[in-house]
Amino acid sequence: MSFRAGVRAVLVYSQVGGGHLSAARALAAELEASGGVSVRLVDAYAECGRFPLPYFPAVYARLARRHPRLWAAIYYGAETRMAPRHILSPFLRHGFARLMAEEKPHLVVSVLPVVNGLLADAARTVGARTEVVLTDWHAVHRLWVDDGIQQYTVATESARLECIGYGAPPELVDVVGIPVRRDFAVAVDRVAVRQQRLTELGLDPARFTILAMAGAEGSPRALANLSGLARLDLDAQLVVICGRNEQLRRRVEALPGRMPRRAVGFVEHVADLMRSADILVTKAGGLTLAEAFCCGVPLVVDDALPGQEAGNLAYVLDAGAAEFGQTPAALARIIPDLMRHPDKRTALVAGGGRLARPAAAREIAANLLRRLDASGA
């Protein structure tokens with residue numbers, strides 16, 4: 001029997017946005033596919049936090065949706081004023097200790113900032129190895145880095161240098177990519193997928209298709225941009241993914257406009273919809289960008305939350321992997337221009353292709369297990 005048989009892994013995330021869960025799911029699938037590894041996904045705040053921490057994801061969503069400037073003040077203020085061990089310890093220490101006692105993991109992997117020092121403290125009590133996988137491209141927050149972490153995996157050299165600047169030992173920072181699920185990473189018959197998915201929605205597979213991802217938060221800016229898109233007088237059709245926000249889905253369906261459109265809720269086949277689109281309009285979430293680049297869809301970013309998403313946006317714009325239109329007027333200029341110039345869409349896909357790391361989840365999982373083997377944990 002190999003050492004790897006019977007390995008227990010805990011993957012820690014939170015539903016603060018959708019990207020952390022997506023990354024955790026991608027890594028869990030690859031760890032389980034390696035054979036002999038059992039994985040538990042744990043929402044740090046909801047499952048381990050004491051009041052008021054379980055409410056933080058909902059508070060974050062409201063801040064992101066309605067008060068982005070306040071969120072920016074909190075985000076940047078935490079760069080210099082927050083000591084997570086002291087502030088969060090009364091609310092998380094016992095929950096993390098209980099988790100370790102229940103699971104007795106060999107490996108603990110976090111895809112979440114802020115909590116990692118406390119998580120490493122708890123993991124050490126059962127002899128578990130603790131690693132962190134970052135989900136931002138650039139300008140990462142210092143609260144990803146803390147004492148006790150045995151390895152960091154980042155998306156870019158830029159992120160690596162920032163982690164080192166925050167105190168991570170250079171030899172403990174590995175550049176691989178952002179982990180995406182296998183359905184974003186595999187090659188498919190794009191024509192057949194487009195035919196199937198657009199037909200299912202009652203749309204014309206032969207018509208130019210714009211896919212928009214509103215984000216579960218459904219910010220006023222996102223809704224204004226969607227309203228502007230729907231009113232464009234273009235020979236195109238619009239598909240909008242609204243996630244689990246049913247109220248947002250109904251509002252999008254009710255928008256006045258010229259283009260045929262469909263608003264859908266939570267869907268598992270997001271990768272198919274990306275590959276079915278001629279243009280994707282979305283905000284600058286780290287995971288969404290990584291998924292889009294793997295799917296080879298021309299990308300237009302229409303929003304970026306101050307903080308982590310602003311860094312992501314700067315990075316992909318510099319790489320020529322996206323265009324940026326933050327207002328209905330900007331989108332009304334960019335979208336028709338991309339429709340008229342397929343060469344510009346091709347250039348965006350090429351820029352995204354240079355950043356795409358479709359095998360990142362598999363490589364990260366292999367590295368996690370290789371280092372676990374080497375540590376003898």
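Helices (H or I, at least four residues) and strands (E, at least two) are DSSP runs, numbered from the N terminus. The views below come from a predicted model, in which local features need pLDDT of at least 70 and side-chain atom pairs count only at pLDDT 80 or more, while totals for chains, interfaces and linings use all residues. Residues are numbered from 1 along each chain as its sequence is written, and side-chain values use heavy atoms, with hydrogens and water left out.

**View 1. A nonpolar surface patch includes Val-59 of helix H3.**
Let us start at the surface. Val-59 belongs to helix H3, which covers residues 56–66. Together with Phe-51 and Tyr-55, Val-59 forms a nonpolar patch with about 370 Å² of accessible area in total. Patches are made of residues with over 30% relative accessible area and no salt bridge; like charges are joined within 9 Å, and nonpolar side chains (Val, Leu, Ile, Met, Phe, Trp, Tyr) within 5 Å. A salt bridge here is a side-chain nitrogen of Lys or Arg within 4 Å of a carboxyl oxygen of Asp or Glu. Areas come from the Shrake-Rupley method with a 1.4 Å probe, and for residues only the protein chains shown count as cover. Val-59 has a relative accessible area of 42%, so it ranks as partly exposed (buried means under 20%, exposed over 50%, partly exposed in between; 1.4 Å probe, protein chains only).

**View 2. A cis peptide bond joins Phe-51 and Pro-52.**
Phe-51, already met in the patch, is linked to Pro-52 with an omega of about 10°. Pro-52 sits in the loop between helix H2 (44–48) and H3. As background, most peptide bonds are trans.

**View 3. Strand E4 pairs with E3 and with E5.**
E4 spans residues 129–133, and 5 of its 5 residues are buried. Arg-129, Glu-131 and Val-133 point one way from E4, while Thr-130 and Val-132 point the other way. With E3 (residues 107–110), E4 pairs in the parallel sense over 4 bridges, and Val-109 stands opposite Glu-131. With E5 (residues 151–154), E4 again pairs in the parallel sense, over 3 bridges; here Val-133 has Thr-153 as its bridge partner. Two strands count as paired if DSSP finds at least two bridges between them.

**View 4. E3, helix H6 and E4 make a right-handed β-α-β unit.**
The helix of this unit, H6, covers residues 116–124. Right-handed means that, with the strands pointing away from the viewer, the path from the first strand over the helix to the second runs clockwise. In the loop between E3 and H6 lies Val-114. Val-114 has a positive phi of about 75° although it is not a glycine, and it is buried, at 17% relative accessible area.

**View 5. Ala-139 also has a positive phi.**
This alanine is placed in the loop between E4 and E5. Its phi is near 55°, and Ala-139 is partly exposed, with a relative accessible area of 32%.

**View 6. Helix H1 agrees with its expected span.**
H1 runs over residues 19–33, and at 1.5 Å a residue its 15 residues should span 21 Å; the end C-alpha atoms are 21 Å apart. The expected span is 1.5 Å times one less than the number of residues. Among the buried residues of H1 are His-20, Leu-21, Ala-24, Leu-27, Glu-30 and Leu-31. After H1 comes Gly-35, with a positive phi near 95°.

**View 7. Helix H10 also agrees with its expected span.**
The 12 residues of H10 (residues 220–231) should span 16 Å, and the end C-alpha atoms are 17 Å apart. Buried residues of H10 include Leu-223, Asn-225, Leu-226, Gly-228 and Leu-229.

**View 8. An open sheet of 6 strands has parallel pairing.**
Follow the strands in the order E9-E8-E7-E10-E11-E12. E9 (261–264) and E12 (323–324) stand at the edges, each with a single partner strand, so one side of each is left without a neighbour in the sheet. Strands E10 (residues 279–283) and E11 (residues 299–303) pair over 4 bridges, with Lys-283 opposite Asp-303. Val-240 is found in E8 (residues 236–241) and is buried, with a relative accessible area of 1%.
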